[in-house]
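Please read the following explanation with the structure open beside the text, and look up each place as it is named.

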Amino acid sequence: MYADGSTARSPVAWPALTEDQVAEGGTSVTITGLADRTGHPVTATVWVRHTDAVEITGIAEERVTTRPGTPPTLPATVVATYNDGSKDSRTKVTWDPVDPDQYAGPGTFEVKGTVPDTSHRATATVTVTPPG
């Protein structure tokens with residue numbers, strides 16, 4: 001995340017997980033990797049499930065920043081929480097169309113998205129920063 005609130009994705013070098021770390025379902029492992037573009041440490045949680053027979057109970061809200069006149073870059077995936085407490089950041093989302101009038105000038109607005117196989121809707125709060 002940059003000083004103006006905008007974000008960028010970066011490849012991350014992650015350490016290998018051991019079989020012992022993922023041997024027991026219902027657990028999680030926190031790992032730390034290194035972001036390629038910045039060299040800063042990045043932390044992730046790996047959830048180990050008992051079974052794949054789970055259902056989504058919630059979708060984490062996304063926050064996106066853009067400049068006036070620039071369409072927001074909405075993520076292709078969101079973080080879903082499942083009924084066993086696990087989370088998955090690879091959950092695909094299809095965002096509703098965004099009217100260019102919404103990002104024409106500074107302000108904040110929401111965009112909704114559809115997540116396959118659930119009635120839960122994703123939400124992205126978009127902040128359009130003043131020109132600077």
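In this predicted model, D88 and R90 form a salt bridge in which the closest N and O atoms are 3.0 Å apart. The two partners differ in their surroundings, because D88 has a relative accessibility of 12% and counts as buried, whereas R90, with a relative accessible area of 64%, is exposed.

How many salt bridges does the structure hold? There are three salt bridges in the structure, and another of them brings together the side chains of D96 and R121, with a distance of 2.6 Å from N to O. This pair links distant parts of the chain, since D96 is found in the loop between strand 8 and strand 9 while R121 belongs to strand 10, and the two are 25 residues apart. Both residues are partly exposed: D96 has a relative accessible area of 29%, and for R121 the value is 37%. In the salt bridge between E61 and R63, the side chains meet at 3.6 Å, again taken from N to O. Here E61 counts as partly exposed, at 41% relative accessibility, while R63, at 62%, counts as exposed.

Some of the strands just named belong to a sheet, and the sheet is the next thing to trace. Strands pair in a sheet through hydrogen bonds of the backbone, and they may do so in a parallel or an antiparallel way. In this structure four strands form an open sheet with mixed pairing, and their order across the sheet is 5-10-9-8. At the edges stand strand 5, which covers residues 62-66, and strand 8, which covers residues 94-95, and each of these pairs on one side only. Strand 8 and strand 9, the latter made of residues 107-114, run antiparallel and are joined by two bridges. To find this pairing in the model, one can look at T94, which stands opposite T114 in strand 9.

At the other edge of the sheet, strand 5 contains T66. Is T66 buried or exposed? Its relative accessible area is 7%, and T66 is therefore buried, as the limit for that term is under 20%. The side chain of T66 reaches the backbone oxygen of T70 at a distance of 2.7 Å. When neighbours within four places in sequence are left aside, T66 is in contact with P71, P72 and Y103, and also with V126, T127, V128 and T129.

From this buried residue one can turn to D117, which is found in the loop that runs between strand 9 and strand 10, the latter spanning residues 121-128. The backbone of D117 has a phi angle near 65 degrees, which is a positive value in a residue other than glycine. D117 is also exposed, with a relative accessible area of 84%, in contrast to T66, which is buried.

The aromatic rings remain to be considered. A search of the whole structure finds zero aromatic pairs. What lies over the face of Y82? The residue in that position is R49, which is placed at 4.2 Å from the centre of the ring.

Conventions: Residues are numbered from 1 along each chain as its sequence is written. This is a predicted model: local features need pLDDT of at least 70, side-chain atom pairs count only at pLDDT 80 or more; totals for chains, interfaces and linings use all residues. Side-chain values use heavy atoms; hydrogens and water are left out. Two strands pair if DSSP finds at least two bridges between them. Rings of Phe, Tyr and Trp (its six-membered ring) pair if their centres lie within 6.5 Å; planes under 30 degrees apart count as stacked, over 60 as edge-to-face and the rest as tilted. A charge sits over a ring if NZ of Lys or CZ of Arg is within 6 Å of the ring centre and within 35 degrees of the ring normal. Buried means under 20% relative accessible area, exposed over 50%, partly exposed in between (1.4 Å probe, protein chains only). A polar contact is a pair of N or O atoms within 3.5 Å; within protein, one must be able to donate a hydrogen and the other to accept it, and residues adjacent in sequence count only if both atoms are side-chain atoms. Contact means heavy atoms within 4.5 Å. A salt bridge is a side-chain nitrogen of Lys or Arg within 4 Å of a carboxyl oxygen of Asp or Glu.
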